[in-house]
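Student: I would like to go through the labels put on this structure and ask what each one rests on.
Tutor: Then take them one at a time, setting each value against its cut-off.

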Amino acid sequence: MREWCVLSNKQLLGRIGQIVLVLLGISFITFALVMLSPGDPVRQMIAGNEDIVVSQQEVEALRHELGLDKPFIFQYLDWLGRAVQGDFGFSYMVKKPVIEELMHSLPATVILAVASTVFMLLVSIPAGIYSAVKHNSWFDYMVRGLTFVGVSIPNFWMGLMLLWIFGLKLGLLPIVGGRVSPETLVLPALTLGIVMAAKYTRQVRATVLEELNQDYVVGARARGMSESHILWKEVLPNAMLPLITLLGLSFGNLLGGAAVVEIVFSWPGLGYLAVQSIIYRDFQLVQGIVLWIALMYMVINLIVDISYNHLDPRLRKAGK
Amino acid sequence: MKKAAKITAALAMMGLLAFAAAGCGGDDSAKSGGAKDTVKFGVTNFADSLEPTDNFFSWVVMRYGLGECLVKFDDKMNLTPWLAESWSISDDKLTWTFKINDKAVFSNGNKVTADAVKKSIERTFEKSNRAGTFFQFDNITADGQNLIIKTQNPVPTLPGMLADPLFIIIDTSVTDRDYAKQGPICTGPYMVKEYSKAKAVMEANPNYWDGKVPFKVAEIPTIDDPNTRAMALQSGEIDMAINIASGDLQLFQDKAKYNISELASLRTVLAQINMNEGRPCHDPKVRAALISCLDRETYNKVLLKDTFITGKAPIPPSLDYGFDQLTDPNAYNVERAKQLLAEAGWKDTNNDGYVDKDGKNLELDFIYYSGRAELPLYAEATQSDAKKIGIKVNMKNIDYNVLDSIRQSGDFDLCISNILTANSGDPAVYLNWYWKTGDPQNATGYSNPEYDALSDRLAVEFDPAKRRDLMIQMQQILLNDGAGLFFGYPKTNMVSKVTLKNADIKPADYYWLTKDVAPAE
């Protein structure tokens, strides 16, 4: 039994085994869905969306060259055989190995995910806690109103508004993206962060409020403990557990890319790549991106489970 | 607890300020107003690589001022010299001779000889399946500056085909380049400094053979979102932009600040009409009634806010193929449409609002896809107007990718798409593919021996004036037969700041950053 992990060796191995099985299932389902979806990747590769007349002879020649004329199951097994050796195939769209293209877009996505999550935490935790502590005050009403608006605003609209204000009207930040730099990061991170912060602030507020109404808080007050001690040492540790789960899911989601925001800001991340690969029916690339997103969800979920051990003493005791 | 809460609130504020400060101040160099040796051009880009034989990536090689062809199209889509100063055809119509301009050099200083051109064209055929769909050659030879192409059959439009960006002339003697990122060695005014799908940085070609290159550097960011593109131009971060959305064009009406260059593209929005036996539109009177009842002018001027030119004929007015002299017998006339239906035996006998014959309502399946915003609009407008004369139109939204298979299966009455009519400057291919008897693409069942005879004459006619005349006659036949529903022709635009001159959009969609785009005097 390791101190850092509430899961036993057997449980940990079981979880890793589950991850492998789920990835296998996802890879098969994705492959089948992409194959079954309408459209011809070969025609799409040649003409894109240009409505250009393409000869059947040209289409068939390329189909054969790419091995897309083989039966579905052979294509899948071919892919799987290479994937277990670390070769996730070749992107028809960009003419590069899938893994290379993923690695190319990944840093931008990770940077955006981290920045927007940091922003979200910096805003939502203090605002949520203060709003709960000052329950039904003007600040609480303001936070509830703003977060209600925040969760209702679509990402792309928020992005365009921020571009209009900070880029066009105030001229503080660049409108043209296309590169990863501090100044091009601010607006997409704010766009994602604001919408997530609205959601998360409401969650923090509700959770802290619920804890503040628990008997142990009344008891602590009766024993004369200071309010700050009650908040920091008693309430927050208990409130963290559900919040960590939500944080894990949000971060996992962001690591899959935020397609709409990436397009509005020309941010060169995985979301943009995913949209392009779907438009071009780039099977191998779609497969690679879906597997990456699934893997991220499951790994982060595992980390969240492991982190419970540190956050909840009851689990540590149960483990011992 | 109050103190703790205040601390947390203060932390939140600090976080916000720190985050905002990270980006404040921006990048002063992003504003392009001052530097006259740099031009910044906001575009949409589909190319991951600058290898010209991959997919349609050669369009980008040409759009960014890197590559040039033997010939080019002018503003009326007539052929003009480029790397070839002249060309001629032999008496047997099988041998073309192109005289390569003696002044032409590649950006590395190597001379553009006929032999270099030969190797470039041969490489294109070797690497691209698409090349063979343009024409087949017996052999290509070089004699000094003369390039001689012998074809298997007469190819009247061969010079126009060589104007397609696929046939960009590159220096094949250079083999140690990463074409994807550096692009090939070409002859255009600019060379690649950096390239990714997100942004290209081009620099002036010091050996440019056709005059002075106006800018030292051209920065070309990809801005896919049209709203963002418009804002970038408004803010001054870019000097020119391609295809500003119709709704945003009004932001650039101030002539003291911006130039708007707008024209009809080479595209036609065409609804193919299924005329096969057993289909309602097999009857010419039904077709004529359907076309006559549609108020296409209102669709284009009102619904599409004048961003499309009203449709009439197969070939758009941007090409000089007699658009104005063609007569549409099925121009908008609702009363005539009703009369035609009655003559064809369609009457509303059960008062349900739809005409019927032999107990069946007149219903048409209209296939469309949503990838282009105008298509659902045209389909809905058709449904509404057709109802006024008793035709029930059933709209069927499909994925663009299955469009071709549905077209081939014949399971439709109307099938709309936005078609590029003259990729190589000559619309003969388009006219044959969709309407010539027996062509695999002609899935509508249309057949007219008179039309086919004109098409056969066109296949061997080399005289441009006679070709034009033949295609005008062919179009008139199609209009008389109600062989297609031509909704409109999209306009395309390029908007630039007044600090630039000659940033004009051309009918051929691959002349963007040219040597003529220069600082205004």
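Student: Why is Gly42(B) called buried?
Tutor: In this predicted model, Gly42(B) has 30 other C-beta atoms within 10 Å. The label needs 20 or more, so Gly42(B) is buried. Gly42(B) belongs to strand β1 of chain B, residues 38-42.

Student: Which residues is Gly42(B) in contact with, leaving aside its neighbours within four places in sequence?
Tutor: Val176(A) is one of them, and from chain B there are Pro221(B), Ile223(B), Arg229(B), Ala232(B), Leu233(B), Ile238(B) and Ala241(B). The cut-off for a contact is C-beta atoms within 7 Å.

Student: How far apart in space are Gly42(B) and Trp435(B)?
Tutor: They are 39 Å apart, C-alpha to C-alpha, with their positions 393 residues apart in sequence.

Student: What makes Asn418(B) buried?
Tutor: Its count is 22 other C-beta atoms within 10 Å. Set against the threshold of 20 or more, that count makes Asn418(B) buried. Asn418(B) sits in strand β19 of chain B, residues 414-420. Its C-alpha atom is 6.4 Å from that of Leu270(B), although the two residues are 148 apart along the chain.

Student: How is chain B divided into domains?
Tutor: Domain 1 covers 68-172 and domain 2 covers 267-491. Taken over C-alpha atoms, their centres are separated by 36 Å.

Student: How do you know that these two domains of chain B touch?
Tutor: By the contacts: 13 residues of domain 1 of chain B meet 12 residues of domain 2 of chain B. The domain 1 side comprises eight nonpolar, two polar and three charged residues.

Student: And how is chain A divided?
Tutor: Into domain 1 (18-95) and domain 2 (99-319), with C-alpha centres 34 Å apart. Contacts join 19 residues of domain 1 of chain A to 18 residues of domain 2 of chain A. On the domain 1 side, the elements giving two or more residues are α1 (9-36), α2 (41-47) and β1 (90-91) of chain A. The most come from α1(A), with eight residues.

Student: What classes of residue make up that side of domain 1 of chain A?
Tutor: There are 13 nonpolar and six polar residues, and no charged ones.

Student: What is the make-up of chain A as a whole?
Tutor: Chain A has 14 helices and two strands. Of its 320 residues, 38% are buried. Among its contacts with a separation of 6 or more, 72% are between residues 24 or more positions apart.

Student: How do you know that helix α13 of chain A has close to its expected span?
Tutor: Helix α13 of chain A, residues 283-311, has 29 residues, and 42 Å is expected at 1.5 Å a residue. From first C-alpha to last, α13(A) reaches 42 Å, so its span is close to the expected one. The buried residues of α13(A) are Phe283(A), Gln284(A), Leu285(A), Val286(A), Gln287(A), Gly288(A), Ile289(A), Val290(A) and Trp292(A).

Student: At what angle do helices α9 and α10 of chain A pack?
Tutor: Helix α9 (residues 215-222) and helix α10 (residues 227-255) of chain A pack at about 150°, and their axes are 11 Å apart. The crossing of α9(A) past α10(A) is right-handed. From α9(A) the contact takes Tyr216(A), Val217(A), Ala220(A) and Arg221(A), and from α10(A) Ile230(A), Glu234(A) and Val235(A). By class, the contact has five nonpolar, no polar and two charged residues.

Methods. Residues numbered from 1 in each chain as written. Chains lettered and ligands numbered in written order. Predicted model: local features only at pLDDT ≥ 70, side-chain atom pairs only at ≥ 80, totals over all residues. Helix = DSSP H or I, 4+ residues; strand = E, 2+ residues; numbered from the N terminus. Buried ≥ 20, exposed ≤ 12 C-beta atoms within 10 Å, placed from the backbone. Axes fitted to C-alpha atoms, helices over the stretch in contact; angles between N-to-C directions. Left-handed = near helix turned anticlockwise from the far one by under 90°. Nonpolar A, V, L, I, M, F, W, Y, C, P; charged D, E, K, R; others polar. Domains from an automatic or database assignment.
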